[in-house]
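Take a walk through this protein, one feature at a time. Keep the 3D view open and find each part as it comes up.

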Amino acid sequence: MKFIISSSELLKNLQILGSILNTNNTLPILDNFLFDINNNDLTITSSDLETTLSSKILIESTIITKVAIPAKLLLDVLKSLPEQPLTFSLENNILEINSNNGKYALSYMNGDEFPKSVILEDASEIDFDSQVLLNIINSTIFASGNDDLRPVMSGVFFQINSEGSCFVATDAHKLVKYVRNDINSETSIEFIVPNKPLNILKSIVPEKKSEVKVLFNNTNAIFKFSTFKLTCRLIDGKFPNYEAVIPKENPNVLEIDRTQLLSSTKRASIFSSKTTNQVKFEIKGNLLQITAEDLDFNNKAEETLECNYNGDDIAIGFNSRFIVEMLNNLSSDLVKIELSSPNRAGLISPVHQSNENEEITMLVMPIMLNQ
């Protein structure tokens, strides 16, 4: 039994599929790629039981079989080979790879032992533009948590109805709410997609305009696009009431150049306490003073920026890492910071939305100022 495939085409797909693999799988079979060969169609699958990714490739073949091939060994071999056609021969549980200059043999397992693909029952469907889905993921995922005790926060909440859609991520210290008015559904849709499949989608969804088909039920979702199909288990549980934590009355409003604020916060954070990463924003008139201090080492930084400000004088402390993350994930020239008091969350948003169909609001919790 033989098939022929391009080495570079195979390597490109396996490197993407390899992002699913765990180093400590409970089932040894999951350390393998599943090769499902059906004449000229090869479907390769990798899985960690929670998330499964498969890709289709055209090959030269007349065989129909399923085999599980050791992932790390195969990847290591392919990485060291230049582009060329490779002939794979399967016989007596031994896979032989013939290249231009040599041959390599490794054992494989029966493909029927690989976990079966999830079949969605009572599935609903919604389509996303690939660029919009990338915007959703890029705008929200950095704010999601990774606390095993609060699994509902370790993903992005998808909420879609007839009026529009909302995508939310939070780790209880920061929150992002990303609204689209050009995505809607006649029926109300709510589900939480975990971080891992979203990070994989972020790296493989095509940037050029195309369609991503999403099938889902109460327990799983399938994302289909190009030659890929990603299946993931949805997070079970109720997402926190995010609207309740977004302050509605914020009389103190500051507008400032995003790049300047980002650069100043980064520089100041170098001098902040490595425990809290605290920076102090002190606003008086049309001046924002950014201060950071590490009392243990007598390190201190202070910068002053001009801004447009409407409100009372205020001093508030933030974790500099959160501010930097948020500013890095906005693209507008000017940002707006809305504040109510030093012990209530601040809101960061672009002054001008880059797209009339989107609205983004970022929330960051304050930290107690050093006295």
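Begin at one loop. Leu 49 is found between strand 3 and strand 4, in the loop that links them. The model is a predicted one. Leu 49 has a positive phi of about 80°, although this residue is not a glycine. Is Leu 49 buried, exposed or partly exposed? Its relative accessibility is 40%, so Leu 49 counts as partly exposed.

Now compare a second loop. Asn 277 sits between helix 6 (258-269) and strand 20 (278-284). Asn 277 is not a glycine either, yet its phi is positive, at about 55°. Buried means under 20% relative accessible area. Asn 277 has 15% relative accessibility, so it counts as buried.

Next comes the sheet. Strands of a sheet pair through backbone hydrogen bonds, either parallel or antiparallel. Here, 9 strands form an open sheet with antiparallel pairing. Their order is 10-6-2-3-4-18-17-16-11. Why do strand 10 (109-110) and strand 11 (124-129) each have one side without a neighbour in the sheet? They stand at the edges, and each has a single partner strand, so one side is left without a neighbour.

Look inside the sheet at one pair. Strand 2 (residues 32-38) and strand 3 (residues 41-47) run antiparallel, joined by 5 bridges. In this pair, Ile 37 stands opposite Leu 42 of strand 3.

Helices pack on this sheet. Helix 1 (residues 7-17) touches strand 2, strand 3, strand 4 (51-58) and strand 18 (228-233). The direction of helix 1 makes about 170° with that of strand 4. Helix 4 (residues 195-204) also packs on the sheet, touching strand 4, strand 17 (220-225) and strand 18. Its direction makes about 165° with that of strand 18.

Now for the nonpolar interior. The largest nonpolar core has 98 residues. Leu 14, Phe 35, Phe 128, Phe 223, Leu 261 and Phe 281 touch the most other members. Take Phe 281 as an example: the residues it touches include Leu 261, Leu 288, Ile 316 and Phe 318. Another core, of 14 residues, lies apart from the largest one. Among its members are Phe 157, Leu 175, Ile 235 and Leu 363.

Finish at the largest pocket. It holds about 520 Å³ of space. Its lining has 26 residues, and Thr 45, Thr 52, Lys 116, Ser 117 and Val 118 lie nearest the centre. Which strand gives the most to this lining? Strand 18 does, with 5 residues. Strand 2, strand 3 and strand 4 are among those that each supply at least two.

Terms used
Residues are numbered from 1 along each chain as its sequence is written. This is a predicted model: local features need pLDDT of at least 70, side-chain atom pairs count only at pLDDT 80 or more; totals for chains, interfaces and linings use all residues. Side-chain values use heavy atoms; hydrogens and water are left out. Two strands pair if DSSP finds at least two bridges between them. Helices (H or I, at least four residues) and strands (E, at least two) are DSSP runs, numbered from the N terminus. Contact means heavy atoms within 4.5 Å. Axes are lines fitted to C-alpha atoms, for helices over the stretch in contact, and angles run from 0 to 180 degrees between N-to-C directions. A nonpolar core is a set of buried Ala, Val, Leu, Ile, Met, Phe, Trp, Tyr and Cys residues joined through side-chain atoms within 4.5 Å. Buried means under 20% relative accessible area, exposed over 50%, partly exposed in between (1.4 Å probe, protein chains only). On a 1 Å grid over the protein atoms alone, a cavity is a set of points where a 1.4 Å probe fits but cannot get out, and a pocket is an open set with protein on both sides within 12 Å along at least five of seven lines; lining residues have an atom within 4 Å of a point. Grid points are joined across faces, edges and corners, and a volume is the space filled by probe spheres set on the points. Lists of a residue's contacts leave out its neighbours within four places in sequence.
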